[in-house]
Amino acid sequence: MLESQFNWKLPEVSEPDVAKKLQDQFKLTPTISNILVNRGYTSSETVEKFLNPQIDDIYLPDALHDIDKAVERIRQSIENGDKITIYGDYDADGITSTSVMYEALMTVGANVSYYVPNRFTDGYGPNVDSFGRLIDSGTQLFVTVDNGVSGNEAIRFANEHGVDVVVTDHHELPEILPDAFAIVHPRFPGTDYPFGDLSGVGVAFKVAWALLEEFPSELLDLVAIGEIADLVSVTDENRILITYGLKQLQQGMRPGLHELVKLAGVNEQNLNETNIGFAIAPRLNALGRMDDANLGVELLTTLDDERAVELAAMVDQLNQQRQKVVADITKEALEMATADYNLDNQTLVIAGQGWHEGVLGIVASRIVESTNKPTLVLNIDEETNIAKGSGRSIEGFDLFSSINVVRDITTSFGGHQMAVGISLKDTELDNLQVALEKAADEANLAGQPKRVLKVAASVTPDDLNLESFSQIEQLAPFGTNNQRPVVMLEDTAIDNAKSMGKTNAHLKFEMVGDNSKVNAVAFNRGDLVDQITASKDKISIAGTLDENEWRGNKSVQLMVKDLLVSGTQVIDQRTNHLSEELFEFSGQYLFFNHDLAAQLTNYIDAKSIIFADEITSEIQIETLTIVDCPVNIADMKHVLEITNAPSIIRVLFYEKHSVYLSGMPTREEFGKLFKFVQSHQNVNLKAQLKLLSDYLKINQDKLIFMIQVFSEADFVKIEDGLLNRVDNPQTVALEETNRFKQRQIQMETERELIYSDSTDLRKLIISAVQKH
């Protein structure tokens, strides 16, 4: 059985009569009208504005705090010919914010340059050293974009040196605000700006609009990228900005973006928020993670076609490097996350050496996706012994507060409930883990209900086609607070399951309906391919519809968000070495060999041990660990058929002396032994077995078997431990002896149970369980 990660919930329509009225008025399907009503769009006016966004509904910038003051100060510097430096940020929102402000100031003839700080040397936001260097190089006015409200120290430094700072930002406002000349912020206390969820580029756009005194539609493409990348609410004016920005992006007007879209393999004419979020924004973010984000601003603002090609290639190459680094670190980190010593932990603190600090937040997110545990991923500097990294959490666990109680063990720390950045001495990592586990206990993390996944409709594969996709697209652009609708397919037959991607990290399969098949893709779930392939049970799937285009042919596919597989889950932990950690798993332990069980009594509670030869009737077992390998595979199948389909079956299949590896003796080896016993008398097997093994060059396990076969065939006799020939033995085919046949059976059993691949093993075990 594979449990779902979420609790799927198909909500009732809050106002069915309203939904029906809107359905008729706007010619919508029942599903679409129900979604709109459940999302709060219950009047003709709100639905009209949602379905048909208009530029005229974007709010004027004049309600923003300090907007007039900021524009007046910028104009003063322009008139005086002062050098203005735009101080940006290294993520996609920061890069687009910088580009928007730079182009606006260039348009009005400002003496302007930009500076995007380095993630590793400058850190986030205004930095005293950076401000000092920029002031020394002639800066007379700073305009921050996508940062600044927490830059108290650096802004104080600028003021002391006679340089004003205009802050434009959207991040959480601290208790003590900086003494900036102006602070333009959509949620500034005491102001009545009607929409507080602009991203950094949204705020920069409003300042540019006020400065230019006309609506700068040519900047909307940059606004769309930054807003999508920053995961702000895709409602109200953000929805309008993104909608028109996407239309502009589809025209390919910017040489740098045009080339980047081409390298990303995206159809520019159909560019949408998904392409931006998964193809364009990650490439821009890769600059700040791997190198210098200033290149991103040049890419977005250049008008030189040749330079655009060069810059796009550089950005794409850095993104490929980022992808490889993320994949390599994720592989290592995931091995640590799933190691025995972390299995019982509710939270994860994973540290390594030589890990690129710029991607650790991505890695932490990947680990959370795989384990559903709050996770910190840190790199330990070999010289300073400082562990530095990022953390990501899950709903129901406040990661920031959990660490904040032991803030004194950190050297730097910041963030919020779902994500943190942290540095501390490596000697404090154990204390950090203890603190997180204590917080998890206090939050009853283990007892937290599953997160709810809201489902818009229950469908079948036959319902999924380009027409149904087109209906859903009426709600686009999608994003935060306007999620792409999730559909649910219950008890669906699947076919052609396989892993895909460079590292086989992803899962692809077909959902089979009565009249059609629809492809489904599950990112980072490639590890499930064997289980899904081996299981004959139908699968329940939740996901979102996407359009796939291949060589001009379009089709619909499902992007899987969650899976539910009924039946038995097989965990392959086959080993030739038994350690105490293997017996920390809950459930029953099945043995075929009583002597082996006796040797492991210090590891296993006797109440958890069951013996295959003592099971005479059907038993109920939830979790079963098969410890050793049976002599006959039929013995194992018999046990599985009467265990009432365990939810989990772990297989160790330990075998101290493998007959499969030892092999079957050759005719030549049998001949060597026969020749020896004909010429030697009274061979003391106890004292001389090793000598005989060395002399014949046959390993002892195989030699013992050969002697047993000869004994059964009456070629030799053993009395008081002495081996002697039998004179004039009858001719016997050795292959017909019971010993020989038993070894053949055991070799075949080991081949199927110990030396088969995981896929074949799972098929065999699940097949036996399903015969119940």
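Which residues in H9 meet which residues in H10? The legends below take up that contact and then turn to a pocket; the model shown is predicted.

**Close-up 1. Helices H9 and H10 pack against each other at an angle of about 120 degrees.** H9 covers residues 220–229 and H10 covers residues 236–249, and their axes lie 7 Å apart. Angles of 65 to 115 degrees count as roughly perpendicular and those over 145 as roughly antiparallel, so H9 and H10 are oblique to each other. Their crossing is left-handed.

**Close-up 2. Side by side, the residues of H9 and H10 that meet.** From H9 come Leu220, Asp221, Val223, Ala224, Ile225, Glu227 and Ile228. Their partners in H10 are Asn238, Leu241, Ile242, Tyr244, Gly245, Leu246, Gln248 and Leu249. Sorted by character, the residues of this contact comprise 10 nonpolar, 3 polar and 2 charged.

**Close-up 3. The second largest pocket holds about 820 Å³ of space.** Its lining is made up of 28 residues. If you look for the centre of this pocket, the lining residues closest to it are Asn593, Glu655, His657, Val659 and Gln746.

**Close-up 4. Helices in the lining of the second largest pocket.** Helices H21 (594–599), H23 (659–662), H26 (700–712) and H27 (738–753) each contribute at least two residues to the lining. H26 gives the largest share, with 5 residues. As for the character of the lining of this pocket, 11 residues are nonpolar, 8 are polar and 9 are charged.

Terms used: Residues numbered from 1 in each chain as written. Predicted model: local features only at pLDDT ≥ 70, side-chain atom pairs only at ≥ 80, totals over all residues. Heavy atoms only, no water. Axes fitted to C-alpha atoms, helices over the stretch in contact; angles between N-to-C directions. Helix = DSSP H or I, 4+ residues; strand = E, 2+ residues; numbered from the N terminus. Parallel < 35°, antiparallel > 145°, perpendicular 65-115°, else oblique. Left-handed = near helix turned anticlockwise from the far one by under 90°. Contact = heavy atoms within 4.5 Å. Nonpolar A, V, L, I, M, F, W, Y, C, P; charged D, E, K, R; others polar. 1 Å grid on protein atoms, 1.4 Å probe; cavity = no way out; pocket = protein on both sides within 12 Å on 5 of 7 lines; lining within 4 Å. Points joined across faces, edges and corners; volume = space filled by probe spheres on them.
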